[in-house]
Structures are given as structure tokens and as C-alpha cells.
Amino acid sequence: MPDPAYTHGYSDAVLGSHRHRTAENSAAHLLPRLRAGMRLLDVGSGAGTITADLARLVGPEHLTALEVSEQAAAITRAELRRQDLPQVRIVVGDAHDLPFASAEFDVVHVHQVLQHVTNPAGVLGEARRVLRPGGIASIRESDYEGFRWYPDSAGLTRWRQLYLRAARANGGTPDAGRRLLAWAHQAGFTEVTPSASTTLHATPEQRSTWGAAWAKRILAPPLADQLRAEGWADAAELERISAAWHEWAAHPDGWFALLHGEIIARA
């Protein structure tokens, strides 16, 4: 089953933002359950920074990273090479039809992937298949409709409206965070521990990084190309939204919180 278009794409602005992700800030709900020697599958390894952290925890020879295309796998590969972790196995494949044997892994880690796939419950079903009995699936997904910011900004409100429209048109689920428990149940998991977390951008440094990233991302392909091609926004409006991000980032009281849903599901 083909996946929808990846709404974010792989621009420098996107990858720069994603490289701020670590196991500590993005997989804290999983870390107490890991130990050296666990066979871990990282589905949608992306920028590779979380992958690298997980590899050091379980042992790089025990970690397999999966990406949907050679282009995406090359991004992970480059980061692991930079961090001197060549032992990690990197595989190109479809998360809906994992190219692994049943019961091959102790842990399946999925971070910010289900919001972009065609059949999230199907992907979780595949995760359940490749887990050994008693193994765990760790999932974390954002809920864009739960994002909150201050001060109010018409530009940022319009940004979210456009992003939600584009993501849904691409077959994605941008409010995935709230759906994880339901998808896990649909996939046949019966022992599921749900949780939630937030990411806050409120210091001058955090505002500068987050605001600059989205000021660029709203102007970059594929998102900007899609918005213009569909007639949902023109170049001038996208420039205004970009400027709104810079304005928010420069505000001394600027505050932006991202909501994430999480689950640990036991096979």
C-alpha cells in the first residue's frame, strides 16, 4: 500500500529542525524500558538523531533502522556515519509490509510517522507481528490541533489551517496523537499504556530556532508548492506567514507548546 506524500519533505529547514530531536526529548516514555542487547527496530528513522541515541543504549549492532525510500535512508545513514555508528543496519521498506520475520524484535520504535501513513492501524499491526511475545511497541505522534501559542497571531493561525489542509489532502492524520490508543486496539494490542507530553519553545533561543525553521518551511517545497498549486495560498500570503513566524519568535513573551500522544503497547 503506497504512502501519501510526505507533507514536510526533506528541505534543509525541515532536517535542521528534526535534528534537534533526541531520545531524551522525544522518547522519554520508552527509555526506562530499554537495556543493552535488545533487538530494536526504528521505523521512520529520518534525520537519525534519535536512532543514534537508541543505538548507543541497546548496542548499534542490535538496531535496525527502516526508511521508506533510499533518499530518506541516505539521510539516516549520513547521521549515523557522522556519529560513528556504522554497525546499525539500515533497510528501505514499507511500514505497512515490514520486510522482517515475525517475532524478530524486542522493541519497535515509531516517532512522528503514523500521522503520515495511509493505514496507521495496519502499521501497528505489522509492528505487533515482528515483535517477540512480550516485546513492546513505542509510539509518539503530534496533535497539530492541540498546538497552542502566545501571543495570538493571525499568521500562525493561518499557518495551521493550511498545514492541516495539506496534510489531510495528502492522506495524513495531523491529529494522530489523540488516536494512538484506538489504533493500537484496532491492531490487536490489548496491553497498552497511554501517556502524553509537550514540547515547549519559550526561551529566546528556542523561539529563534523554532520560528526560523517554520519561517523557512512554509516557503519551501513540497509544502509551499502544494499550497500554491492547489490555490489555497499564493506566494504573497506565504511570505506574510513566514514574517509572522519571525514576529512571534522576536516577541519577548513568545510561547509555543506542541502536544504529543504516546503509547507503550505490549505484544
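# Exercises on aromatic pairs and a buried helix

Trp214 counts as buried, with a relative accessibility of 1%. The model you see above is predicted, and we can work through some of its features together.

**Exercise 1. Classify the pairing of Tyr163 and Trp214, and place both residues in the chain.**

Step 1. Start from the overall tally, which is 18 aromatic pairs.
Step 2. For Tyr163 and Trp214, the centres lie 6.2 Å apart and the planes make an angle of 80°.
Step 3. Compare these values with the cut-offs: centres must lie within 6.5 Å, and planes over 60 degrees apart count as edge-to-face. The Tyr163–Trp214 pair is therefore edge-to-face.
Step 4. Now locate the partners: Tyr163 belongs to helix α6 (residues 154–169) and Trp214 to helix α8 (residues 204–217). With their positions 51 residues apart, the pair links distant parts of the chain.
Step 5. Check the surroundings of Tyr163: its relative accessible area is 2%, so Tyr163 is buried.

**Exercise 2. Describe the pair formed by Trp245 and Trp248.**

Step 1. The geometry is 5.9 Å centre to centre with 85° between the planes, which makes this pair edge-to-face.
Step 2. Both residues sit in helix α10 (residues 235–250), three residues apart, or about one turn of the helix.
Step 3. Trp245 and Trp248 are both buried.

**Exercise 3. Find what else surrounds these rings: which aromatic cluster do they join, and which residue lies over the face of Trp214?**

Step 1. Tyr163, Trp214, Trp245 and Trp248 belong to one aromatic cluster. Its members also include Tyr144, Phe147, Trp149, Trp159, Trp210 and Phe256.
Step 2. Over the face of Trp214 you will find Arg217, at 4.0 Å from the ring centre.

**Exercise 4. Decide how enclosed helix α3 (residues 49–58) is, and list what it packs against.**

Step 1. Put α3 in context: an unreviewed UniProt entry places the feature "domain: Methyltransferase type" at residues 41–137. That span is 35% helix and 27% strand, and its end C-alpha atoms lie 9 Å apart.
Step 2. Look for the buried residues of α3: they are Thr49, Ile50, Thr51, Ala52, Leu54, Ala55 and Val58.
Step 3. Because seven of the 10 residues are buried, α3 is largely enclosed by the rest of the structure.
Step 4. Name the neighbours: the buried residues of α3 pack against helices α1 (12–18), α2 (23–26) and α4 (70–82), and also against strands β1 (40–43), β2 (63–67) and β4 (105–111).
Step 5. Finish at the end of the helix, where Gly59 follows α3 with a positive phi, near 105°.

Notes
Residues numbered from 1 in each chain as written. Predicted model: local features only at pLDDT ≥ 70, side-chain atom pairs only at ≥ 80, totals over all residues. Heavy atoms only, no water. Phe/Tyr/Trp six-rings, centres within 6.5 Å; stacked < 30°, edge-to-face > 60°. Helix = DSSP H or I, 4+ residues; strand = E, 2+ residues; numbered from the N terminus. Buried < 20%, exposed > 50% of the residue type's maximum accessible area, 1.4 Å probe, protein only. Lys NZ or Arg CZ within 6 Å of the ring centre and 35° of its normal. UniProt positions renumbered as here; feature names shortened; annotations may be inferred. Contact = heavy atoms within 4.5 Å.
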